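These are my notebook entries on a predicted model. I looked up helix packing, empty space and backbone geometry, in that order.

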Amino acid sequence: MSKPLEGIKIIDFTHVQAGPACTQLLAWFGADVIKVERPGSGDVTRSQLRDIPDVDALYFTMLNSNKRSLTLDTKKPEGKEVLTKLIKESDVLVENFGPGALDRMGFTWEHIRELNPGMIVASVKGFSDGHHYEDLKVYENVAQCAGGAASTTGFDDGPPTVSAAALGDSNTGMHLAIGILTALHARNKTGKGQKVAVSMQDSVLNLCRVKLRDQQRLDRIGYLEEYPQYPHGKFSDVVPRGGNAGGGGQPGWVLKCKGWETDPNAYIYFTIQGHAWAPICKAIGKEEWTNDPAYMTAQARQDKIFDIFAVIEDWLKDKTKFEAVDILRKFDIPCAPVMSMKEIANDPSLRASGTITEVDHKARGKYLTVGSPIKFSETTVEITGSPLLGEHTDEVLASLGYSAQQIAALHAAQAV
Ligand code: COA
């Protein structure tokens, strides 16, 4: 079967992480993604945090698989001419430059729409159009701070903390991909393209919506029962940092297992799901708690929840995190080992599903990457290596009707 997005041509004018994560996803699903890069240097991530001298960094290779690379100086007339031709025959242009950069290049939304009324122009910016910070350039952690993630992450006695998960970058890219697919679907009905804009602040906030829920609950009743500050600590008028507390109706915490003194990840996440109280008591050998009025309801347990966690930790002290989960799963208790990146890289299930996949790269050889987290019954997602800088320049130019002589002249004009 052909790939679902086969036939969709995407000008990938993205860099760093937010934009590339979006276009990589669309490339996996079959779109022809042409990454437009500055001659000589290309996407800055090619050379950032390199582990092998002069070879594209993993930062780049893990965000740009399945794409083609076209080097083009889009500030020069020759480069603008090529981009104009590409726009006329493409479906989508994705960009995540600093505010106003595309306009300054001469490719305003109005101009692009004139060139190709069916074109979808998709942009990532730090803040949305018209926002009082719309002129700011933004990276991951800036967005996590602006979107409410940092103020609500970490422990009560520590500073605001950013997450290791790319809530600002890759998450925004995923939002943009949904926007692009929606606009393509709309275009199938109307024939018209449109502008799709996603801000990093908005995308972070979209994942922090339970914290806005909590702000409103706090405003109304003055406390948040699932937070570790309840009932013994104090609440101010803003949502506090909740440590490792569960964000929903069931208390949970990260608990130590055998070996935690030397292994930084010898922990499990344990959830006390209300209706699983009896199995929990059975699993940890505290059957006397099952029908004890001091323990048998969620409300009764609330003020001693950390004492309960301490008892569970005592039960865990002679079990590794994997042994503990193997016992607890039999009792239907929601839990998981805290996985290190090393364990994830070698996890047989993640390998078998293709979520961790080994890819070949022309210069680096084999490397691991995260494959598609989206699985289809009819589509197989194959991950290929990322392109070398300008690897497909000649082939793309030839497909736009450039002769060998014209291609050579363009190379000369763009020489750095
Ligand atoms: N040919 C010629 N010029 C090019 C080019 C090409 N192929 N590709 C980019 N450029 C130019 C741009 O036109 C811009 O020029 P100008 O500012 O003189 O008009 C210049 O390169 C710099 O682009 P910019 O995107 O502003 O780069 P930066 O390194 O200063 O900033 C970010 C990087 C990520 C902070 C910024 O791009 C940004 O805020 N992007 C939006 C938010 C975002 O996506 N951030 C997350 C990234 S993971």
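**Entry 1. Helix packing around α7**

I began with helix α1 (residues 18-28) and helix α7 (residues 170-190), which pack at an angle of about 50° with their axes 7 Å apart. That angle makes α1 oblique to α7. I noted the crossing of these two helices, α1 and α7, as right-handed.

I then listed the residues in this contact. From α1 they are Ala18, Ala21, Cys22, Leu25 and Leu26. From α7 they are Ser170, Gly173, Met174, Leu176, Ala177, Ile180 and Leu181. Sorted by class, the contact of α1 with α7 comprises ten nonpolar and two polar residues, with no charged residue.

Next I looked up the packing of α7 with helix α8 (residues 200-207). Here the angle is about 95°, and the axes lie 9 Å apart. The two helices, α7 and α8, are therefore roughly perpendicular to each other. On the α7 side I recorded Asn171, Thr172 and His175, which meet Met200, Ser203, Val204, Asn206 and Leu207 of α8. The classes in the contact of α7 with α8 are three nonpolar, five polar and no charged.

**Entry 2. The largest pocket**

I turned to empty space. Rolling a probe the size of a water molecule over the atoms shows where such space is left.

How much space lies in the largest pocket? I recorded about 1000 Å³ for the largest pocket. Its lining is made of 30 residues, and those nearest the centre are Gln17, Met62, Ala166, Ser170 and Val370. Two or more lining residues come from each of α1, α2 (58-61), α7, α14 (341-345) and β11 (365-370). Which element gives the largest share of the lining of the largest pocket? I found that α1 does, with four residues. The lining of the largest pocket divides into 21 nonpolar, seven polar and two charged residues.

I also noted that Ser170 appears in the contact of α1 with α7 and among the residues nearest the centre of the largest pocket.

**Entry 3. The second largest pocket**

For the second largest pocket I recorded a volume of about 840 Å³. The second largest pocket is lined by 33 residues, and His15, Arg38, Asn96, Phe97 and Gly98 are the closest to its centre. The elements giving two or more residues to this lining are β2 (32-37), α4 (101-105) and β5 (120-125). The largest share of the lining of the second largest pocket is that of α4, with three residues. By class I entered 15 nonpolar, nine polar and nine charged residues for the lining of the second largest pocket.

**Entry 4. The cavity**

How many cavities of 30 Å³ or more does the structure hold? I found one. The volume of the largest cavity is about 80 Å³.

I wrote out the lining of the largest cavity: Glu225, Glu226, Tyr227, Pro228, Ala245, Pro251, Gly252, Trp253, Gln302, Ile305, Phe306 and Phe309. At least two of the lining residues come from each of β7 (252-256) and α12 (305-316). The largest share of the lining of the largest cavity, three residues, is supplied by α12. For the lining of the largest cavity I counted the classes as eight nonpolar, two polar and two charged.

**Entry 5. Backbone geometry**

Last, I checked the backbone. Most residues other than glycine have a negative phi, and most peptide bonds are trans.

Where is a cis peptide bond found? I located one joining Tyr230 and Pro231, with omega about 0°. Pro231 is in the loop between α9 (209-221) and β7. I had already met β7 as one of the elements that line the largest cavity.

I also looked up Val16, a residue other than glycine whose phi is positive, near 60°. Val16 lies in the loop between β1 (9-13) and α1. This returned me to α1, the helix with which I had begun, oblique to α7.

Key. Residues numbered from 1 in each chain as written. Predicted model: local features only at pLDDT ≥ 70, side-chain atom pairs only at ≥ 80, totals over all residues. Heavy atoms only, no water. Axes fitted to C-alpha atoms, helices over the stretch in contact; angles between N-to-C directions. Parallel < 35°, antiparallel > 145°, perpendicular 65-115°, else oblique. Left-handed = near helix turned anticlockwise from the far one by under 90°. Contact = heavy atoms within 4.5 Å. Nonpolar A, V, L, I, M, F, W, Y, C, P; charged D, E, K, R; others polar. 1 Å grid on protein atoms, 1.4 Å probe; cavity = no way out; pocket = protein on both sides within 12 Å on 5 of 7 lines; lining within 4 Å. Points joined across faces, edges and corners; volume = space filled by probe spheres on them.
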